[in-house]
Amino acid sequence: MEPYKPTFLCRELDVRSVITVHYFEFDRDYIFTGESHPFWELLYVDKGSVMVDADGERYRLSQGELIFHQPDEFHTVVADGVSAPNLAVISFDCPSPAMDFFREKRLRADETERELLSRLLKEAGAAFSTPLDHPAVTRLSRAASAPFGAEQMVGLLLEELLISLIRRERGERRTARVTSTVRRRSGNELVARIIAYMEDNACGSLSFSDICRFSAQSATNLKTIFKSATGKGVMEYYRQLKIDTAKKMLREGEGNITQIADRLGYASVHYFSRYFKQATGMTPSEYTLSVRSK
């Protein structure tokens, strides 16, 4: 018998380092005048839309789209003056030749890639103490109490995201077994309809019973399905959705704080301000000032 011989794994994409990880909530008039740097940058539009310049070419990116800026490419980003955008921005060093695929690339993320981005941002928030929403960050600070392997997970998730994008564009990505895929899709479609129902009623006051009736699920089933898909409880998600809606209204200048509290169905502006601070760490006024300062 011949001796065992190891197979050294081929690394098509090798993310050597991460420079910055950001998640921004900008107002509708945000302008970034531009920069260039000797590493890659990924910009993903989570909400709203923006105009992006990349070495003289202008692109409009809407929700769910992403663009890659190659090393030393001058780029700018400008809000459209109508919608207040939420942006994820990740800069990283990856010298692998396979990165040539992403030069001058504008792509739309699918459900798998959006989930990878969400997990990446969550891991980065745990791995680093640097605030993800601070635009002046040029280096990340390690969190003293980061979970085991958090930094490695950031790199692995970023590599998986890049591989997923390449495979999908080439038509090479394989799906999971049909049974598990159908089961997952069925649950996700129900959760998607529930979330759409919540969004339609963000300016209102839904109860858990209202959502049970809409979903035609028992309380136990609804809690299980929703928690499995989102990682959050039903009413926890709805309360956060209302706060996210309030933040968007504030950034887009849709009325003063009292008017926004009333539109969102809060009993009083004082209750709205108190819950807003619990959720964000800032009062509505402080949040508005912080967005403008960026």
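The exercises below work through two sheets, two loops and some helices of one predicted model.

The structure is a predicted model, in which local features need pLDDT of at least 70 and side-chain atom pairs count only at pLDDT 80 or more, while totals for chains, interfaces and linings use all residues. Residues are numbered from 1 along each chain as its sequence is written, and side-chain values use heavy atoms, with hydrogens and water left out.

**Exercise 1. Work out the order of the five strands in the open sheet that holds β6, and state which strands stand at its edges.**

Step 1. Helices (H or I, at least four residues) and strands (E, at least two) are DSSP runs, numbered from the N terminus, and two strands pair if DSSP finds at least two bridges between them.

Step 2. Begin with strand β6 (residues 65-69), which is joined by four bridges to the antiparallel strand β3 (residues 40-47); across this pairing, Leu-43 stands opposite Ile-67.

Step 3. Strand β6 also pairs with strand β9 (residues 106-108), in the antiparallel sense and over three bridges, and here Leu-66 has Leu-107 as its bridge partner.

Step 4. The full order of this open sheet is β1-β8-β3-β6-β9, with antiparallel pairing. Strands β1 (17-25) and β9 stand at the edges with a single partner strand each, so one side of each is left without a neighbour in the sheet. From one strand to the next the twist averages 15°, where axes are lines fitted to C-alpha atoms, for helices over the stretch in contact, and angles run from 0 to 180 degrees between N-to-C directions.

**Exercise 2. Decide which residues of β6 point one way and which the other, and whether they are buried or exposed.**

Step 1. In a regular strand the side chains alternate between the two faces of the sheet.

Step 2. In β6, Glu-65, Ile-67 and His-69 point one way, whereas Leu-66 and Phe-68 point the other way.

Step 3. Buried means under 20% relative accessible area, exposed over 50%, and partly exposed in between (1.4 Å probe, protein chains only). Five of the five residues of β6 are buried, so this strand is largely enclosed by the rest of the structure.

**Exercise 3. Trace the pairings of β4 and place this strand in its open sheet.**

Step 1. Strand β4 (residues 49-54) has five of its six residues buried, so it is largely enclosed by the rest of the structure.

Step 2. Six bridges link β4 with strand β5 (residues 57-62) in the antiparallel sense, and the bridge partner of Met-51 is Arg-60.

Step 3. Five bridges join β4 to strand β7 (residues 75-79), which runs antiparallel to it, with Ala-54 opposite His-75. Strand β7 pairs in turn with β2 over three bridges, again in the antiparallel sense, and Glu-35 stands opposite His-75.

Step 4. The four strands therefore take the order β2-β7-β4-β5 in an open, antiparallel sheet. Strands β2 (31-35) and β5 stand at the edges, each with a single partner strand, so one side of each is left without a neighbour in the sheet.

**Exercise 4. Describe the backbone and the exposure of Asp-55 and Glu-104.**

Step 1. Most residues other than glycine have a negative phi, and most peptide bonds are trans.

Step 2. Asp-55, although not a glycine, has a positive phi of about 50°. This residue is found in the loop between β4 and β5, and with a relative accessible area of 49% Asp-55 is partly exposed.

Step 3. Glu-104, which is not a glycine either, has a positive phi of about 55°. Its place is in the loop between β8 (86-93) and β9, and at 67% relative accessibility Glu-104 counts as exposed.

**Exercise 5. Determine how helices α6 and α8 are placed with respect to each other, and which residues meet.**

Step 1. The axes of helix α6 (residues 234-251) and helix α8 (residues 269-280) come within 11 Å and cross at roughly 100°. That makes α6 roughly perpendicular to α8, since angles under 35 degrees count as roughly parallel, over 145 as roughly antiparallel, 65 to 115 as roughly perpendicular and the rest as oblique.

Step 2. Contact means heavy atoms within 4.5 Å. Arg-239, Gln-240, Ile-243, Ala-246, Lys-247 and Leu-250 in α6 meet Phe-272, Tyr-275, Phe-276, Ala-279 and Thr-280 in α8.
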